[in-house]
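This report describes a protein model, going from the pairing of its chains to some local details of the backbone.

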2 protein chains.
Amino acid sequence: MNLILIDPQELAGDTVILRDRRADHLRKVLRSKTGDTVRIGLIDGPLGQGRVVEITRQEIILAVSFTGNVPDLPATDIVLALPRPIMLKRVLAQASSLGVARISIINAARVEKSYFHSSLVGEESFREFLLLGLEQAMDTRVPKISVHPRFRPFVEDVLPEISSNTPLRLVAHPGAAENLVAIVHPPLKTRAVLAIGPEGGWADFEIEKFIEQGFIPFSLGPRILRVDTAVPALMSQLALLRQLKEVLSFKC
Amino acid sequence: MNLILIDPQELAGDTVILRDRRADHLRKVLRSKTGDTVRIGLIDGPLGQGRVVEITRQEIILAVSFTGNVPDLPATDIVLALPRPIMLKRVLAQASSLGVARISIINAARVEKSYFHSSLVGEESFREFLLLGLEQAMDTRVPKISVHPRFRPFVEDVLPEISSNTPLRLVAHPGAAENLVAIVHPPLKTRAVLAIGPEGGWADFEIEKFIEQGFIPFSLGPRILRVDTAVPALMSQLALLRQLKEVLSFKC
């Protein structure tokens, strides 16, 4: 926890009372004392500082001020075929730590149907893992997240709407002819959406549906990656393609 | 398990008898029948095919032929401050699935000392997780791995030797002035070694020691990542920098 996230509803003037794992963190990891300051962030708002005003057995009272920036909304969205729920927890935290604006969790032919009935699959429990990633990365912008148990209504009705302002649409597909570098000429300057399939990959008809929506299939190369490796790998490759402009303008 | 890995010691002519989780995988996941062929690889050797000759309750007998390529040795090494052992398991599998030639697990000032006493920390148990990554990625080249409980002897005596043929030496450091793109001008054509610190980062004197050995500190940007996100993120960024040459020569 590199940042204490505070919900706007918790604010009472410039005071916040912490009782949960954030208080535990201040107590046990940071060993905070009265008068110490800690990094805080207002959920979906600015960064700031909290001064420890009082420590009791049950609670820690912070005097807060939010004078920092509001972090930028990340320029990448993800569409993710529902993985094993225990892995999904980790992937959500990874993705929010790397920076993602919207995560759509969807069904696909090769998704194990029982996964949708897991107690971990629901927008409430997702929020916990998304906040873990933000606390890690010192971000405040909670990714929008939604669950779509039916592939076709998602891809035909929802996807066109949520990707209308996203020119770069990519779908990872082991059978694709080209890799990311062949498709995305750096510098990448636009929003991007990245669709990542289930173990076993997307079915052919699913790839066709993505192509109908302007998605370009690309290959990750000969190595088949698990989703908790593929998500950070691809998100960070897109991040690098965004940073590359300086080098290119220098070399050309 | 996208590839059944076979140890050369298991070969009896062109026959292999499987009894462990590989047999379970054939039985339960692939539902193999007599006469089916499956993808196999000889550890540190070529890829090939196995034909199911016989299935009994205890064992599965394969007739094997190794007519494929020997995968290339990956061009990246890692130096990793020992993370929490439960996370190390995952990171080893991730790294070997992404392709790494050598992993040095080392101590650092901000490594929790008790981690070195975990039963998971040892070259024998590491091998299991490395093989999981290779099975996933369909590679056969087992990364060399070693554990170094003392920082200074490692960095002064071992590191110069193992990085002598590795021109690009990078150490991830939140305090560094430059990011990866500013240091590595694509295309990256040489071997690279990547040092990744503990939670809380490297101590100043550790960074100085790495610099003495020709390492360049670089920043991952404002986001602080957990090691199971940082390792796939950085390894895949290096992989992308290796692939970029076509685009650059096209654009320039």
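The text below covers symmetry, the interface, one side chain and some backbone features.

The model is predicted: local features need pLDDT of at least 70, side-chain atom pairs count only at pLDDT 80 or more, and totals for chains, interfaces and linings use all residues. Residues are numbered from 1 along each chain as its sequence is written, chains are lettered from A and ligands numbered from 1 in the order in which they are written, and side-chain values use heavy atoms, with hydrogens and water left out.

**Symmetry and interface**

A turn of 180° and a shift of 0.0 Å along the axis lay chain A on chain B with an RMSD of 0.0 Å, where copies are superposed by least squares on the C-alpha atoms of residues with pLDDT of at least 70 in both. The two copies are therefore related as by a two-fold rotation axis. Both use the same surface, since 100% of the contact residues of chain A recur in chain B.

Contact (heavy atoms within 4.5 Å) joins 37 residues of chain A to 37 residues of chain B. The two chains bury about 3,400 Å² between them, 62% of it on carbon and sulfur atoms; buried area is the accessible area (1.4 Å probe) that two parts lose on being put together, summed over both.

There are 2 salt bridges between the chains, a salt bridge being a side-chain nitrogen of Lys or Arg within 4 Å of a carboxyl oxygen of Asp or Glu. Arg223(A) forms one with Asp139(B), and their closest N and O atoms are 2.6 Å apart.

**A buried side chain**

Is Asn107(B) buried or exposed? With 10% relative accessibility, Asn107(B) is buried; buried means under 20% relative accessible area, exposed over 50%, and partly exposed in between (1.4 Å probe, protein chains only). A polar atom of the Asn107(B) side chain lies 2.8 Å from the backbone oxygen of Pro149(B).

**Backbone features**

Most residues other than glycine have a negative phi, and most peptide bonds are trans. Two residues of chain B that are not glycine have a positive phi, as tabulated here.

| Residue | Phi | Relative accessibility |
|---|---|---|
| Arg31(B) | about 50° | 62%, exposed |
| Asp44(B) | about 60° | 44%, partly exposed |

A cis peptide bond joins Pro186(A) and Pro187(A), with omega about 0°. In chain B, the bond from Pro186(B) to Pro187(B) is also cis, with omega near 0°.

Terms used:
Polar contact = N/O pair within 3.5 Å; in protein donor to acceptor, adjacent residues only side chain to side chain.
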